[in-house]
Amino acid sequence: MDALRRQLLDLFGPHRAIVNEAALLAYECDGFTVHKARPLAVVLPESTAEVQRVVRLLRAHRVPFVPRGAGTCLSGGPTPAQPAVVIETARMKQILRVSPEDLLAVVQPGVVNADLTRAVQHLGLHYAPDPSSQTVCTIGGNLAENSGGPHCFKYGMTTDHVLAAEVVLADGEVARLGSALGPHAMGELDLVGLFTGSEGTFGIATEITVRLSPDPEAVRTLLAAFASMEAACGAVSDIVAAGLVPAALEILDQATIRAVEASVYRAGYPQDAAAVLLVELDGPALAVDEDAQAVRAICARRAALSTEEAADPENRKRLWKGRKGAFGAMGRLSTDLYVLDGVVPRTRLVETLRAITGIGARHGVTLTNVFHAGDGNLHPNIAFDGRDPEQTAAVLAAGYEILELCVRMGGSISGEHGIGSEKLDHVPLMFTPDDLEVMRRARSAFDPEGLCNPGKVLPQRGSCAEPARWPKMVERVLGGGEGR
Ligand SMILES: Cc1cc2nc3c(=O)[nH]c(=O)nc-3n(C[C@H](O)[C@H](O)[C@H](O)COP(=O)(O)OP(=O)(O)OC[C@H]3O[C@@H](n4cnc5c(N)ncnc54)[C@H](O)[C@@H]3O)c2cc1C
């Protein structure tokens, strides 16, 4: 291994090849802090050619690699599952081309999501997918996770906004997937669609062509407070049933509201409400006015305690600050936060949330909920002390049951945060061994030797005959094994 590290230092120099154990500590996990594993080394390439060079070197050594953007993933994606070198794209942050006529931008993968919108806003354009981590997460990470965000209810996930990608495959070959005309225009299979959401297991994206969206003529943001979660979820169902398509429909429960209000993300949310519903409407001014009236009427029928509307951009920013900062605000509650991500049919939100509260109580963990209500995409959050193995095991067991519940409700184990290493035990809840075999074949078409982020997304063969009753991650934590 020393020989490999020396070669990496020769290729990248001491500032762009990290081999020092203390410095590598910063790379031992992402936002899923239960899975910790220090990489063999980290390199920071600046171009496609440099990515190619390091991938070829690693292949010669038979050493796997793990792509990494900003490390904000919540499912262990950029944390090595076996000894591997991390290839971080943070230095590949150039916006290579913006074409307002074609409504597209070509970017390197390390461009931060919010920086792209900032760079095109003078043209009246923006990049629509807006994960709450958008001030730090990268377009490369968004592509790999098929990330969503509050505005994806109306505008779709990352996959709806990626036209093409240049990728370095595990053998060092550069492939171009899709085209600026759209993935179907070349008559090829939708390979860029296949790559999107592959969680770093198909190759490293080194250049990405994304769709830009024109800013809407008008935006209205409302916050309705309710005395019960049932009423808040009922208002969401009524809004959708009325044929309205808001840009965003987000709910925060009381525990989240209180954590937000006690933090730097304070937004003036009413703390006595059992839940608040944040609704954003956008489009032509006249239509938005009518829709805002309709939303107000629906909230009134659902006995809203209050309905506030942001009168100017400053107040709109304030209302969003609480929602976007909700995960950060949880940092006040304990040392670690497990952010779950499951989907249920929108009509089963209330029933599911009730059952989730029961699961939390049974495992003795404190749960808070903030979620993309329009999409039925739940994010139960559990604050815990990761230094305590018993507590961590209880949290993981509760998490497993919650995702099992989502599947039983007719939903899924991930809306936007991916599978990574976190949900390997859950995958058999949704897929048969045959389903998994098809997915493995697709993966090996991109990476036949299994060198690209191995041990993620797809469980090993044989582990899918029956869903794990007691997740292996829990066994690892209680046994003090590789999970910590
Ligand atoms: C506070 C907070 C809020 C969040 N809110 C949201 C949200 O609203 N919606 C949402 O969807 N997610 C959310 N996330 C999760 C996370 O931010 C997203 O998954 C994001 O897309 C990860 O981007 P990243 O640059 O941090 O990637 P990383 O975390 O570094 O990597 C994520 C995955 O992408 C792979 N990868 C990274 N770069 C590349 C590349 N160039 N080519 C191929 N694979 C690559 C990695 O191997 C890994 O599997 C949130 C996270 C936090 C901490």
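The exercises below work through a predicted model, with a solution after each task.

Residues are numbered from 1 along each chain as its sequence is written. As the model is predicted, local features need pLDDT of at least 70 and side-chain atom pairs count only at pLDDT 80 or more, whereas totals for chains, interfaces and linings use all residues.

**Exercise 1. Domains and the ligand shell**

Task: State how the protein chain is divided into domains, and describe the shell around the ligand by class.

Solution.
- Step 1. The domains are domain 1 (2-88), domain 2 (95-214), domain 3 (218-329) and domain 4 (333-444 + 455-478); their bounds come from an automatic or database domain assignment.
- Step 2. Taken over C-alpha atoms, the centres of domain 1 and domain 3 are 41 Å apart.
- Step 3. A residue is near a molecule or strand if its C-beta atom, placed from the backbone, lies within 6 Å of it. Around the ligand there are 37 residues, of which Gly 69, Gly 77, Gly 140, Gly 141 and Gly 200 come nearest.
- Step 4. Domain 1 and domain 2 each give at least three residues to this shell.
- Step 5. Helices (H or I, at least four residues) and strands (E, at least two) are DSSP runs, numbered from the N terminus. Helix 5 supplies the largest share of the shell, five residues.
- Step 6. The classes are nonpolar (Ala, Val, Leu, Ile, Met, Phe, Trp, Tyr, Cys and Pro), charged (Asp, Glu, Lys and Arg) and polar (the others, Gly among them). The shell holds 13 nonpolar, 19 polar and five charged residues.

**Exercise 2. Two positive phi values**

Task: For Arg 62 and Asn 146, decide whether each is buried or exposed.

Solution.
- Step 1. A residue is buried if 20 or more other C-beta atoms lie within 10 Å of its own, exposed if 12 or fewer, and partly exposed in between, with C-beta atoms placed from the backbone.
- Step 2. Arg 62 sits in the loop between helix 3 (48-60) and strand 3 (65-68), and its phi is near 55°, positive in a residue other than glycine. Arg 62 is exposed because 8 other C-beta atoms lie within 10 Å.
- Step 3. Asn 146 belongs to the loop between helix 5 (139-145) and helix 6 (152-155). Its phi is also positive, about 50°, although Asn 146 is not a glycine. Asn 146 has 22 C-beta neighbours inside 10 Å and therefore counts as buried.

**Exercise 3. Strand 14 and the core**

Task: Identify the strands that pair with strand 14, then place Val 276 in a nonpolar core.

Solution.
- Step 1. Two strands pair if DSSP finds at least two bridges between them. Strand 12 (residues 218-226) is antiparallel to strand 14 over nine bridges, with Thr 221 bridged to Glu 280.
- Step 2. Strand 13 (residues 248-253) is likewise antiparallel to strand 14, over six bridges; here Leu 249 stands opposite Val 279.
- Step 3. Eight of the nine residues of strand 14 (residues 275-283) are buried.
- Step 4. A nonpolar core is a set of buried Ala, Val, Leu, Ile, Met, Phe, Trp, Tyr and Cys residues joined through C-beta atoms within 7 Å. The largest one has 134 residues, and Val 276 is among those with the most contacts inside it. Helix 14 (residues 389-408) gives this core its largest share, nine residues.
- Step 5. Residues are in contact if their C-beta atoms, placed from the backbone, lie within 7 Å. Beyond neighbours within four places in sequence, Val 276 has contacts that include Leu 223, Leu 252 and Tyr 269.

Terms used
Two residues are in contact if their C-beta atoms, placed from the backbone, lie within 7 Å.
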